[in-house]
Every structure is written in C-alpha cells, then in structure tokens.
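Me: Could you walk me through this structure with a few questions and answers? I am new to this, so please go step by step.

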Amino acid sequence: MSVIEFSGVEHSYGERPVLRGVDLVLGEGRIGIVGANGSGKSTLARMINGLVTPDRGTVTVDGLDVARQGREVRRRVGFVFTNPDNQIVMPTVSEDVAFTLRKSRLSKPDVAERVRSTLERFGLAAHAEHPAHRLSGGQKQLLALASVLVAEPSVVVADEPTTLLDARNARLIGEMLSSLEQQVIVVTHQLELLDGFDRVIVIDDGRIVADDTPDAALGAYRSLIA
Amino acid sequence: MIGLYVPGSTLVHRAPALAKLGLLAVTIAVITVLQEPWQLAAAVGGVCVLFLAARIPPRMVWRHVVPILWLLAIAVPVQALFAGWTAALMMGGRVAASVALAALFTLTTTVSSVLDACQQLLRPFRRWVDGDRVGLLLALTIRCVPLTAEIVREVIEARRARGATGSLTALAVPVIVRSLQSAEALGEALVARGLDD
Ligand SMILES: Nc1ncnc2c1ncn2[C@@H]1O[C@H](COP(=O)(O)OP(=O)(O)OP(=O)(O)O)[C@@H](O)[C@H]1O
Ligand SMILES: [Mg+2]
C-alpha cells in the first residue's frame, strides 16, 4: 500500500482558487472523494499522478514528489478517466492493453502473456482482436481499467469512472475496482460506489470539510448539499 | 489497419510487417508497368492465391472489393471510349490488383506490427527522427478516425434534435471544439499512461 501525502496544497486556474490549503495523508486501501460540481475533486485527483502540479505546497507518493518525479510517480499511480474513449489509444482491444507495456523491458512473449491474462481477468478475452471503438460503454471502461492495471501500479485513481455508464455497468466497474488488490481512490457522484470503503473525504469549494468513515462522511455530505 | 485486421496465423499473417510493406510497394510498382495482358492476368491470379492463402473470409473480400468495382464500373467504359477496350481492361486490372493487395496488407497486419516496422525503418535515422514518436503519431492518427467520425455523428444528431439545419460553420465549430477537447484529453491520458518521454 502506498502513502500519498498532500501538505499545504493550493491551486488556482488563472485567478480562480480551486484548492485552498489541503492537508491529507492517504494510506487506506479504499478511499472515496465526493463533493459538488466544481469543488476541486478532479484537480485533487489529478495531482496524485502529477497531471496537475500544485501552485503551493507538495504532493508526494511514497516520498516521491509528483512535481519533480512525475515519471516515477506515474509508474506507481494508474489513472482511470471518466470517458474511456479519451483513454483508449490503439485500434484493437489487445493492442491497447499491450500499448501500456511498450516502454517496459518485457520480452514480446511476456507482453503477450500479460495482455492475455489481463484481458481474461477483465472478461474481455473474447474481444481481444476486436476494434476498441465498437465495444459497449461498460466494456470500454473495463478496457481502460485493464490497460491501466496491466502495468501493475500500486495505486489506482479513478475520476468518476461510472458517470457515463448505465446502472448495471456502473455496478460491474464498481465491483471490479473493489476486487483490486491495489490501493483505490475514487472520485464519484454515485455514492453507492463507496459501499465498503475505508474512508470518504468530502470537499467543498477547495477545502476538506469532512473526512471520516463512509457513513459519517456521506451523512455530512448529504446535509451539505441538502 | 483501422480495426480491419482479420486474425489468423497463416504465412501471410506471420510474415514480418516490414517485408510485407516492402513487397507491397515493389509489387504495386511492377503491376503499374506491366504491358502484356497475360502478365497482368498472372498478377491478378497471384493476388487471388494470396487471399486464399491468408484464408480471408469471402464476406470480408466482398466488402473490400465492392467499392473498387463501383469505381471501375465508371472508369473502365470511359477509358474504353478513349483508348480502346484492351487498354481500359488493363487499367482496370492494374487498379483492382493494387487495391486488393493493399487491402490484403491491412487485413493481415496489426497496427502494432506496422508501428514496429516503422521504428525499424527509421532506426538508421534515429539521430534525426524518433521512430517511437512517429509510430505513436501514426497510431493516434488511425485511432482518431473513428473518434472524429463519432463526434461528427453526435453533432449532426444534436443539431437534428434541436431542429437545426443549415450552415456548415454551425457544424464545423462544435466538431472542431469537441475534437480539440478530445485531443487534449487523449494527450492527458497518454501522460497518465507513462508516455510523456
Ligand atoms: N484546466 C482548467 N482550466 C481552467 N479552469 C479549470 C480547469 N480545470 C478545472 N477548472 C475549474 O476549476 C474548478 C474545479 O474543477 P474540478 O474539475 O477540480 O472540479 P470537480 O470537483 O472535479 O467538478 P465536477 O464534479 O464537475 O467534475 C471548476 O470551477 C472548473 O471550472
Ligand atoms: Mg471532476
């Protein structure tokens, strides 16, 4: 399990402050982040693998500074986006999963074996040679997840991974995320996704306003948005 | 290549992509300069044998051949009017054989192996061009075809839903904006997948 640490993190886009002093130590296996639209959740999540770097303060993953050691950090932290279409790079399913391993020093047969077992695990084996853009929305998100996990990161950050999916596929992705041995951090508006999580953080207008067990934090969140 | 790959393990599939690409270029060049009808007939026969050897399902062959037939149905009679039937049929045969060969390449070669071939091809020039980059660019270009098609389809649908028709700018603006947005998101995803170097 990795330890992610935010200390004194502030961030603005232009004049608009989006994070106003965030201090967090994330070491649990399952962490949820909730909050209203525009509250700064995605900005916070993107910082964990250095897609956004803080204006002030630091973010570290196992002691590695995301701003200065972005590449090492990204090797440990996989990121799943809301829209899998933006994350799929290669034309066919197996090629997309293999693409993640292009820079690894694995031999070709090893890559093929890793791709095969990953697709198997995500229930995509039958689609290995199919065009990725013909998959259903749920299958595309599974593929995005598979392409992240084939690199064996120690943390998976997912920013609203189920927003574009129907209830059944959302549950499928949720179950898939829950079954991972990795540390998982999920940003979501679909609160049922956080069942069984260890910790939920509520963010409002760039500040942490609750940080507790799911029941307590979601209670606070519901009264906040009521 | 655009997701048209037909999986298989025949010799045609297994041949190295670079060799296939080279052979494709040479063969098409030769086909273009063939003068005698019997030579061309032999070439067309050869292409058919290759398709059989690659065990491409007839359905796929049909899908690739039909568009060419349409083209030829118009071009051959026109050519015949000006240059006579022999020359027109020669021309038709050349086009058909070349296009069929190119289709065979895309049907039996995965994009990844084309990328690898591209890198090998550019290796002698690695001081000036980064083969990996070029390969990635190629992959992204191919990937953008269905993405952009999807965006255009959605924008047209959205316009129709709002009862709007008319100007081309009204179509182009949202398409360009959406394309740029998805390009940005794709770039971000590439960084997240560790391809920022
Ligand atoms: N690249 C950017 N440039 C300028 N402003 C941005 C950028 N990204 C986000 N913002 C703004 O920063 C604020 C916080 O954005 P963020 O995406 O972190 O919110 P969020 O909590 O993820 O919201 P949502 O639930 O809608 O996804 C928003 O007001 C947004 O408009
Ligand atoms: Mg967001």
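Me: In the hairpin of S9(A) and S10(A), which residue takes a positive phi?

Reply: Happy to help, and keep in mind that this is a predicted model. Strands S9 (residues 199-204) and S10 (residues 207-212) of chain A pair in the antiparallel sense over 5 bridges. Their hairpin has 2 residues between the strands, and the one with a positive phi, near 50°, is A:Asp205.

Me: Which residue in S10(A) does A:Ile203 stand opposite?

Reply: A:Ile203 falls within the range of S9 in chain A, residues 199-204, and the partner strand S10 covers residues 207-212. Looking across to S10(A), the residue opposite A:Ile203 is A:Ile208.

Me: Now for the ligand: which element gives the largest share of the shell around ligand 1?

Reply: There are 13 residues around ligand 1, with A:Lys41, A:Ser42 and A:Thr43 among the closest. Strand S2 (16-26) and helix H1 (41-47) of chain A each supply at least two residues of that shell. The largest share, 3 residues, comes from H1(A).

Me: How much of the area of ligand 1 does the protein bury?

Reply: Let's begin with the polar contacts. One oxygen atom of ligand 1 is 2.9 Å from an N or O atom in the side chain of A:Asn37, and an oxygen atom of the ligand is 3.0 Å from a polar backbone atom of A:Gly40. Taken alone, ligand 1 exposes 630 Å², and the share of this that the protein buries is 61%.

Me: How many polar residues does the shell around ligand 1 have?

Reply: Sorting the shell by class gives 3 nonpolar and 3 charged residues. The polar residues in the shell number 7.

Methods: Residues numbered from 1 in each chain as written. Chains lettered and ligands numbered in written order. Predicted model: local features only at pLDDT ≥ 70, side-chain atom pairs only at ≥ 80, totals over all residues. Heavy atoms only, no water. Near = heavy atom within 4 Å. Polar contact = N/O pair within 3.5 Å; in protein donor to acceptor, adjacent residues only side chain to side chain. Areas by Shrake-Rupley, 256 points an atom, 1.4 Å probe, with all protein chains shown as cover. Helix = DSSP H or I, 4+ residues; strand = E, 2+ residues; numbered from the N terminus. Nonpolar A, V, L, I, M, F, W, Y, C, P; charged D, E, K, R; others polar. Pairing = 2+ DSSP bridges.
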